[in-house]
Amino acid sequence: VNPSLPLCKELVTLGWRVEYLGVAPFKSAIENTGATFHDRDHICAELGISDVTAMFYKTLEEYDDPGAKMWALNFGSIAAEKLLPVYLSFLRHHSPHLVVYCQVSY
């Protein structure tokens, strides 16, 4: 999240409306940039993913690769497939002109 905060602040300074889909521990830091915070876990729960962390680990187990746990950071793109409907719903609702996505903070 942290590398995106200066970008958010600059976009807000330039007059962009910034909608930030993030996690609760970063809410204050995100809002301090001038962006509007949206709780990823709350939005996921509304769409059937009640625990994103548990979903991530369950997906990791389903992948059935002994080395997968060692490469968990790179595994995010596979788990992100399950989050894609959430992201698409969020984007359709907000109709952004620009999307910045960080796969590490999925």
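Visitor: What makes L7, L14, W16, L98 and V100 a nonpolar patch on the surface?

Guide: Together, these five residues have about 480 Å² of accessible area. A patch is built from residues with over 30% relative accessible area and no salt bridge, where like charges are joined within 9 Å and nonpolar side chains (Val, Leu, Ile, Met, Phe, Trp, Tyr) within 5 Å. Accessible areas come from the Shrake-Rupley method with a 1.4 Å probe, and for residues only the protein chains shown count as cover. Take W16: its relative accessible area is 39%, so the requirement of over 30% is met.

Visitor: What kind of model is this, and how are its residues numbered?

Guide: This is a predicted model, with residues numbered from 1 along each chain as its sequence is written. Local features need pLDDT of at least 70 and side-chain atom pairs count only at pLDDT 80 or more, while totals for chains, interfaces and linings use all residues, and side-chain values use heavy atoms, leaving out hydrogens and water.

Visitor: Where does W16 sit along the chain?

Guide: W16 lies in the loop between α1 (4–13) and β1 (19–22). Helices (H or I, at least four residues) and strands (E, at least two) are DSSP runs, numbered from the N terminus. By that count there are five helices and two strands, in the order α-β-α-β-α-α-α.

Visitor: Why is W16 called partly exposed?

Guide: Buried means under 20% relative accessible area, exposed means over 50%, and partly exposed is in between (1.4 Å probe, protein chains only). At 39%, W16 falls in between, so "partly exposed" is the right word. In the chain of 106 residues, 31% are buried.

Visitor: And what makes L11 buried?

Guide: L11, in helix α1, has 15% relative accessibility, which is under the cut-off for buried. L11 touches W16, V18 and L98, leaving aside residues up to four places away in sequence; contact means heavy atoms within 4.5 Å. L11 and A35 are 24 residues apart along the chain, with 8.9 Å between their C-alpha atoms.

Visitor: How do you know that E19 and R17 form a salt bridge?

Guide: A salt bridge needs a side-chain nitrogen of Lys or Arg within 4 Å of a carboxyl oxygen of Asp or Glu. The closest N and O atoms of E19 and R17 are 2.9 Å apart, so the pair passes that test. R17 is exposed at 60%, while E19 is partly exposed at 24%.

Visitor: How many salt bridges are there in the whole structure?

Guide: The search finds two. R40 and D41 form a salt bridge too, at 2.8 Å from N to O. There, R40 is buried at 10% and D41 is partly exposed at 32%.

Visitor: Why are I43, C44, I49, V52, M55, L83, V86, Y87 and F90 called a nonpolar core?

Guide: A nonpolar core is a set of buried Ala, Val, Leu, Ile, Met, Phe, Trp, Tyr and Cys residues joined through side-chain atoms within 4.5 Å. These nine residues make up the largest such core here. Helices α3 (40–46), α4 (52–63) and α5 (76–94) each supply at least two of its residues, and α5 gives the largest share, four. Another core, of eight residues, lies apart from this one, with L11, I30, A35 and F37 among its members. In soluble globular proteins, nonpolar side chains tend to be buried together.

Visitor: What does a search of the whole structure find for disulfides?

Guide: It finds zero. To count, a pair of cysteine sulfur atoms must be within 2.5 Å. Among the cysteines, C8 is buried at 6% and C44 is buried at 0%.

Visitor: Where is P96, and how far is it from E19?

Guide: P96 is in the segment after α5, and its 36% relative accessibility makes it partly exposed. P96 and E19 are 77 residues apart in sequence, yet their C-alpha atoms are 8.3 Å apart in space.

Visitor: What sets S95 apart?

Guide: S95, which is also in the segment after α5, has a positive phi of about 45° although it is not a glycine.
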